[in-house]
Amino acid sequence: MKILINANAVTKGDIDFTEFEKCGEVTYFGELSRAELFSLAKDFEAIIVNKTEVDKELLGYCPKLKYVGLFATGYNSVDIAACRARGITVCNVPDYSTRAVSQHAFALLLSLLGRINEYTSSVRRGDWIKSETFSYFPWDMAELNGKTFGIYGYGSIGKAAAKIAEAFGMRVIVCTRTKPEGCPYELVGKEEIFKESDVLSLHCPLNDGTRGLVNEKTLALMKPTAVLINTARGGLVDENALAYALNNGKIAGACADTVAVEPMLENNPLRTAKNCLITPHVAWTAPETRARMVAVAAENLKRFIAGNPQNTVN
């Protein structure tokens, strides 16, 4: 089998791809233009990618393609219907980033509420050396204990985030499309979760039902002291509406590890919005997390070749 792998998307030379090479003839590629990718991909039977758009146009250049593997859990970058019509199997890697992404959501939240950037920058400037007292606190911090942590989407990452929030002494509420069995937390509707949450964390997939979930209308429901966290998908948020809410004190802060267009555009309104912490889609990038993901992606391919595919999404 001829296999094409977008390795540069998931490694900086620190991840082992040997298991893929046991499956067939492997070609690795990095950043390519669409035209370059079309030319390269035409002879391959399997392609394994991260954020590369696998759409009808690309499929049209790949007559031999039988398998699309993802170095990701989300599969909104793949035209699932077109692959199904062609009989192309698509497999993702579920749950690989659960611990890392839930951890990162709270790292952002604690940095924001603890005013970590402000205080560490102040110390570096020498403000503590100049201080007349042992402690100075011009920036107000906040405790999590006793506050309400809302989770929109109750998959593996949402469940992990709930446990962390509970450990901080927070009340956890959940809004999810399908009622989960055995959920130990209060289930609420969409309007309630925006109204009641002191911290609202998004952990749902991006689809036609969730695109623009956070918008002018839903932001208006939130408390002026509330914080929004988005470590899921940028398209869940109307970025102009969120920037306006932040800059005008409609909500207190926002944390994001993803934006609608990546890499971020220069004119993204969140880049300069008040009380907004943004990291460049790195929650999943711990070496342990990436190694786990690549191992599962390789096993997916092996199982497909053996005629017993796993983690199929189509």
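A residue is called partly exposed when its relative accessible area lies between the buried limit, under 20%, and the exposed limit, over 50%. Lys64 has a relative accessible area of 44%, so Lys64 is partly exposed. This holds for a predicted model.

Lys64 takes part in a salt bridge. Its partner is Asp43, at 4.0 Å from N to O. The two residues come from distant parts of the chain, 21 residues apart. Lys64 sits in the loop between α3 and β4 (67–70), and Asp43 sits in the loop between α2 and β3 (46–49). Asp43 is partly exposed as well, with a relative accessible area of 33%.

Side chains of opposite charge can pair when their charged atoms come close. In this model the count of salt bridges is 13. One of them joins Glu19 to Lys302, with an N to O distance of 2.3 Å. Glu19 belongs to helix α1 (residues 18–21) and Lys302 to helix α12; 283 residues separate them. Glu19 is partly exposed at 31% relative accessible area. Lys302 is partly exposed at 28%. Glu19 and Lys302 also form one network with Lys22, through salt bridges that share partners.

A further salt bridge connects Arg34 and Glu57 at 3.3 Å, N to O. Arg34 lies in helix α2 (residues 34–41) and Glu57 in helix α3 (residues 56–60), so this pair ties together parts 23 residues apart in sequence. Both ends are partly exposed: Arg34 has a relative accessible area of 31%, and Glu57 has 46%.

Helix α12 (residues 287–305) also contains Asn300. Asn300 has a relative accessible area of 1%, so this residue is buried. The side chain of Asn300 makes a polar contact of 2.9 Å with the side chain of Asn311. Contacts of Asn300 beyond four places in sequence include Tyr67, Cys91, Asn92 and Val93. Asn311 lies in the segment after α12. Asn311 is partly exposed, at 28% relative accessibility. The phi angle of Asn311 is near 55°, a positive value in a residue other than glycine.

His281 also has a positive phi, near 55°, and is not a glycine. His281 is in the loop between β12 and α12. With a relative accessible area of 16%, His281 is buried. Another backbone feature is found at Pro263, in the loop between β11 and β12. A cis peptide bond links Glu262 to Pro263, with omega about 0°.

The strands β11 and β12 belong to an open sheet of seven strands. Its order is β8-β7-β6-β9-β10-β11-β12, with parallel pairing. The edge strands are β8 (186–187) and β12 (276–278); each has a single partner strand, so one side of each lacks a neighbour in the sheet. Inside the sheet, four bridges join β10 (residues 227–230) to β11 (residues 253–256). Leu228 stands opposite Ala254 of β11.

The largest nonpolar core has 29 residues. Leu202 and Leu242 have the most contacts inside this core. Elements that each supply at least two core residues are β7 (171–175), α9 (190–196), β9 (199–202) and α11 (239–247). Helix α11 gives the most, with five residues. Leu202 touches residues more than four places away in sequence, among them Tyr152, Leu213, Leu228 and Leu236.

Methods
Residues numbered from 1 in each chain as written. Predicted model: local features only at pLDDT ≥ 70, side-chain atom pairs only at ≥ 80, totals over all residues. Heavy atoms only, no water. Core = buried A, V, L, I, M, F, W, Y, C linked by side-chain atoms within 4.5 Å. Buried < 20%, exposed > 50% of the residue type's maximum accessible area, 1.4 Å probe, protein only. Contact = heavy atoms within 4.5 Å. Polar contact = N/O pair within 3.5 Å; in protein donor to acceptor, adjacent residues only side chain to side chain. Pairing = 2+ DSSP bridges. Salt bridge = Lys/Arg side-chain N within 4 Å of Asp/Glu carboxyl O.
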